[in-house]
Amino acid sequence: MNFNAGPAALPLAALERAQAELLDLGGTGMSVMEHSHRGKAYEAVHNEAIALTRELLNVPETYQILLLQGGASQQFATVPMNLLPQGKSADYVLTGAWSQKAYKEGKTIGTVRVAGTTEKDGKFGRIPAQSELTLDANAAYAHITSNNTIFGTQWDKFPETGSVPLVADMSSDLMWRPIDVSKFGLIYAGAQKNLGPSGLVVVIVRKDLVEGGRKDIPTIFQYRTHAENNSLYNTPPTFSVYLLRNVLDDVKKNGGLAAMEKRNRDKAKLIYDVIDARSDFYGSPVEKSARSAMNIVFTLKTPELETEFLAEAKKLKMEGLKGHRSVGGMRASTYNAVLPEWCKALADFMKAFKA
Ligand code: PMP
């Protein structure tokens, strides 16, 4: 039972399909990794991955879907390189370590300001209310991290930014529920949580922002370059794209994002209910309204209990429950591919451990 925060569990069906096709993609006698990225066999996979992203997230035609490399961290730099011209400033809302990193990287490119933060004593346990934000109506964009993988908080309703494009790092929550893409200027997500293996980033960006993006940066970092070439300007990470296709096909076969959301909320509830019913034993450092359905963070009273908890969980074949090294405690990541029965088993174990 894999509760890793990322790279994380992948749907078994997506892996089994990869296994079955590994030596022979569609009767071609070769694996997908051995095909030219300019050939028909790979192109079909590539286009299907993009089409499934568009279909599942209901992405309007006014948006471009890009498949890029460099991880979400590279987007921390690529977003301001493209969208933050000289003379303009960009807003960042800080809700955790990843938004801090995005902000820091933005600073190396241009003028950025903090439009809100929930930091308290070095920790982040909540999501700000709209009224707490001091948004600049002239900002080039406003950046948020939709799910804070380390601290276990998640935006439920996204902030209103008026005509300022909202940019969201959705690395740990893209594809877990339906979203209204038209509310965003740009969405980016490293694939290694809900989408597939690492080495791939999905970017969904309004076409006018691509067209208006800066041209005084290296070609390879311009969204324009990848948009004009259907993300085939240079050699893409073909195996990662292939697995993205398999994962999205599996999401579709399992009812799409509405079904995913119901399943994910039910999974998270199983675990949060145990924490709440045993609050004398399990602590929750996250404000209830901000609880993430993807990364469930909880604490035990002493380091000895935490060590014992992890050791007992391991005996039950539960992996990845140790919290991020910067915050400690426990973290159960319950992405799409984490099965409801694993969450039930974890909830039962938590009850038994307390008893
Ligand atoms: N943003 C968020 C929200 C993340 O969870 C992570 C990785 N855990 C990153 C960015 C960084 O991703 P990468 O390692 O792909 O650069």
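Helices and strands in this tour are DSSP runs, numbered from the N terminus. The model you have open is a predicted one.

**Stop 1: the loop between helix 6 and helix 7**

Start by selecting Asn-230, which sits in the loop between helix 6 (223–228) and helix 7. Check its backbone: Asn-230 is not a glycine, yet its phi is positive, about 50 degrees. With a relative accessibility of 29%, Asn-230 counts as partly exposed. Now add Ser-231, which belongs to the loop between helix 6 and helix 7. Ser-231 is not a glycine either, and has a positive phi of about 60 degrees. Is Ser-231 buried or exposed? Its relative accessibility is 4%, so Ser-231 counts as buried.

**Stop 2: the N-terminal segment and helix 1**

Jump to Pro-7, in the segment before helix 1. Look at the peptide bond from Gly-6 to Pro-7: it is cis, with omega near -5 degrees.

Next, select helix 1 (residues 12–21) and colour Ala-14, Ala-18 and Glu-21, which are buried. Turn the view to look down the axis of helix 1: these buried residues fall within an arc of 75 degrees, so they line one face of the helix. Show helix 7 as well, since the buried residues of helix 1 pack against helix 7. On the other side of helix 1 you will find Leu-12, Gln-19 and Ala-20, which are exposed.

**Stop 3: the seven-stranded sheet**

Now bring up the open sheet of 7 strands, whose order is 1-11-10-9-6-2-3, with mixed pairing. Its edges are strand 1 (63–68) and strand 3 (111–117), each of which pairs on one side only. On average, neighbouring strands of this sheet are turned by 20 degrees against each other, direction ignored.

Helix 2 (residues 40–57) packs on the sheet, where it touches strand 1 and strand 11 (201–206). The direction of helix 2 makes about 130 degrees with that of strand 1.

For a look at the pairing, zoom in on strand 6 (residues 142–145) and strand 9 (residues 166–169): they run parallel and are joined by 4 bridges. Here Ala-142 stands opposite Leu-166 in strand 9.

Back in strand 1, pick Gln-64. At 18% relative accessibility, Gln-64 falls under the 20% limit and so counts as buried. Leaving aside residues up to four places away in sequence, Gln-64 touches Arg-54, Val-203, Ile-204, Val-205, Lys-207 and Ala-227.

**Stop 4: the nonpolar core**

Which residues touch the most other members of the largest nonpolar core? Select Leu-57, Leu-174, Leu-195 and Ile-204, out of 47 residues in this core. Elements that each supply at least two residues of the core include helix 2, strand 1, strand 9, helix 7 (238–253) and helix 8 (256–277). Helix 2 gives the largest share, 7 residues.

**Stop 5: helix 9**

Finish at helix 9 (residues 303–315) and select its buried residues, Glu-306, Phe-309 and Ala-313. Viewed down the axis of helix 9, they fall within an arc of 60 degrees, so they line one face of the helix. Their packing partners are strand 12 (295–298), strand 13 (330–333) and helix 10 (340–354). The face turned away from the buried side of helix 9 carries the exposed residues Glu-304, Thr-307, Lys-314 and Lys-315.

You can also check the span: at 1.5 Å a residue, the 13 residues of helix 9 should span 18 Å, and the end C-alpha atoms are 19 Å apart, which agrees. Just after helix 9, the last selection is Lys-317, with a positive phi of about 70 degrees.

Conventions:
Residues are numbered from 1 along each chain as its sequence is written. This is a predicted model: local features need pLDDT of at least 70, side-chain atom pairs count only at pLDDT 80 or more; totals for chains, interfaces and linings use all residues. Side-chain values use heavy atoms; hydrogens and water are left out. The expected span of a helix is 1.5 Å times one less than its number of residues. Buried means under 20% relative accessible area, exposed over 50%, partly exposed in between (1.4 Å probe, protein chains only). The arc is that of the directions from the helix axis to the C-beta atoms. Contact means heavy atoms within 4.5 Å. Two strands pair if DSSP finds at least two bridges between them. Axes are lines fitted to C-alpha atoms, for helices over the stretch in contact, and angles run from 0 to 180 degrees between N-to-C directions. A nonpolar core is a set of buried Ala, Val, Leu, Ile, Met, Phe, Trp, Tyr and Cys residues joined through side-chain atoms within 4.5 Å.
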